[in-house]
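Dear colleague,

I am passing this structure on to you, and you will find the sequence and the coordinates just below. Please look through them before reading my notes.

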Amino acid sequence: MKQSLEIIQNQKQKFSSKLVPSMEILALSQHELESLVDASLMDNPFSDVDQNTISLKTRDVDLDFKRVRKKQSELQEIVYADESQDDLFEHVIVQLYPHMQTKKDEEVFTVLLESLDSRGFLSETPDDLCRFLNIKKTRLLQYLHVLQHVDPKGLGAKDTGECICIQLSEIEGSTLAQHIVCSHLEALSTGDFLKIAKLEHTDVEHVKQALSLIRSLNPIPANGFRVREKTVFIIPDVYIRKEDSTFLLEMNARLQDKLSMNTENYELYKSAACNAEAKAFLKEKLNDFKWLQYSISRRSVTLKKIIAFLVEYQAAFFQTGDERALKPLRLVDIAEQLKMHTSTISRAISGKFFQCEYGTYSFHFLVPRCYERQGEVTASIDTIRNEIKEIIRSEDKQHPYSDEKIRQLLEEDGFVISRRSVTLYRKECGIPSSRNRKTIHI
């Protein structure tokens with residue numbers, strides 16, 4: 001066999017191991033990033049910050065923002081607590097004192113109260129609570145039964161139906177009403193009282209009386225109370241100010257002090273005072289520190305590049321504060337304009353917030369979902385959803401519009417959309433079907 005040498009040219013993509021943490025850092029929110037930096041620099045001698053004296057700059061505490069926009073479809077209102085309202089926890093805990101014979105009783109009732117959402121319903125599953133409290137499900141249900149029957153009735157229910165059933169269970173002669181809530185909600189929503197009467201072997205008049213009783217109850221037990229909710233920390237990544245006709249971007253600089261080099265320790269490392277073992281240790285710490293500096297600097301540059309494009313593209317919103325001025329935009333469009341990969345754009349805007357004179361918003365707010373027809377971006381999906389909401393809001397509740405009728409009304413306004421899409425967007429808005437929206441007067 002004859003041996004010979006030949007040159008073969010091919011392409012191989014090398015993936016740097018350092019790219020992984022850089023991508024992860026890009027995807028972190030400002031709050032998560034600060035936690036990561038604090039943990040990373042805790043034992044790093046090249047950090048010039050005293051971990052015991054970390055201070056909060058008042059620049060980052062926004063006492064005036066009215067709302068926090070997480071997604072285009074989700075609006076979280078920031079409402080100052082009404083001091084005239086009773087605190088739900090304080091109102092209920094005093095009623096539970098007679099049932100607290102041991103420390104475990106106190107712990108379970110406290111956890112249950114802290115697991116209630118803003119409506120007074122249980123936000124955690126019983127199985128998760130059992131694992132957390134290390135008790136059997138049968139015992140947890142006993143505690144839950146006590147909580148559900150103190151004032152206000154129905155606390156800790158899983159939904160409105162169970163809440164109403166709990167209240168009905170304490171009312172004498174409410175058997176028919178309980179059966180209707182548990183078994184005949186669909187017939188009730190359509191106003192088919194005759195069907196309910198036949199199934200329950202009674203007359204329509206008794207069904208109407210049961211319905212009046214149901215309507216007299218409180219489906220949201222926490223109404224009228226202040227509910228203690230978990231604190232969500234939102235730290236803007238960028239502040240946007242308008243001066244005349246221009247917009248000024250100020251990136252959050254909280255991490256700059258923490259990432260400044262400790263020159264004294266660096267000079268010690270560069271000198272010959274360290275032995276080989278100490279030198280190797282310090283070299284590793286120095287590399288970690290420099291890589292963290294580089295990754296965060298790169299993250300800041302990427303975010304600034306993206307938000308600068310978004311502010312310029314959505315300038316109409318920043319001029320007026322009107323959400324309807326937002327133009328449809330896709331991640332792929334941003335990627336093409338900035339010569340980045342779509343996945344990089346997606347990581348960069350996820351969990352990031354900006355603050356302007358109109359409030360604190362998610363980066364996603366500036367990238368509304370688009371409705372596309374024959375390759376042409378015609379409108380934001382959120383615009384169509386808002387149109388559907390407005391149509392349904394103004395409809396005759398005794399004769400609500402079907403999804404096909406809503407499609408026709410949208411088409412009259414220039415929106416070409418299928419009936420299936422109308423149904424999808426209506427469900428995304430949490431709006432029931434026309435049959436379930438129908439109001440029956442009795």
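What follows is a short account of what was found, going from the whole chain to single residues.

Please keep in mind throughout that this is a predicted model. The protein chain holds 20 helices and 10 strands, and of its 442 residues 37% are buried. If one takes the contacts between residues at least 6 apart in sequence, 64% of them join residues that are at least 24 apart. The accessible surface of the chain amounts to about 26,900 Å², and carbon and sulfur atoms account for 50% of that area.

As for cysteines, a search of the whole structure turns up zero disulfides. Two cysteines can be placed by their accessibility: Cys356 is buried, because its relative accessible area of 10% falls under the 20% cut-off, whereas Cys429, at 23% relative accessibility, counts as partly exposed.

Some backbone details may deserve your attention when you go through the loops and turns. As general background, most residues other than glycine have a negative phi, and most peptide bonds are trans. Against that background, the peptide bond that joins Asp151 and Pro152 is cis, with omega at about 0°, and Pro152 itself lies in the loop between helix 6 (137-148) and helix 7 (160-168).

Asn134, which is not a glycine, has a positive phi near 60°, and this residue sits in the loop between helix 5 (126-133) and helix 6. Asn134 counts as exposed, because its relative accessibility of 69% is over the 50% cut-off. His201 is likewise a residue other than glycine with a positive phi, here of about 55°, and its place is in the loop between helix 10 (193-199) and helix 11 (204-215). With a relative accessible area of 76%, His201 is also exposed.

Turning to the strands, strand 5 (residues 238-243) and strand 6 (residues 246-251) run antiparallel and are joined by six bridges. Within this pair, Arg241 stands opposite Leu248 of strand 6. The two strands, strand 5 and strand 6, form a hairpin with two residues between them, and Asp244 in the turn has a positive phi of about 60°.

If you would like a place to begin in the viewer, the loop that holds Pro152, between helix 6 and helix 7, and the hairpin of strand 5 and strand 6 can both be found from the residue numbers above.

With kind regards

Conventions:
Residues numbered from 1 in each chain as written. Predicted model: local features only at pLDDT ≥ 70, side-chain atom pairs only at ≥ 80, totals over all residues. Heavy atoms only, no water. Helix = DSSP H or I, 4+ residues; strand = E, 2+ residues; numbered from the N terminus. Buried < 20%, exposed > 50% of the residue type's maximum accessible area, 1.4 Å probe, protein only. Contact = heavy atoms within 4.5 Å. Areas by Shrake-Rupley, 256 points an atom, 1.4 Å probe, with all protein chains shown as cover. Disulfide = S-S within 2.5 Å. Pairing = 2+ DSSP bridges.
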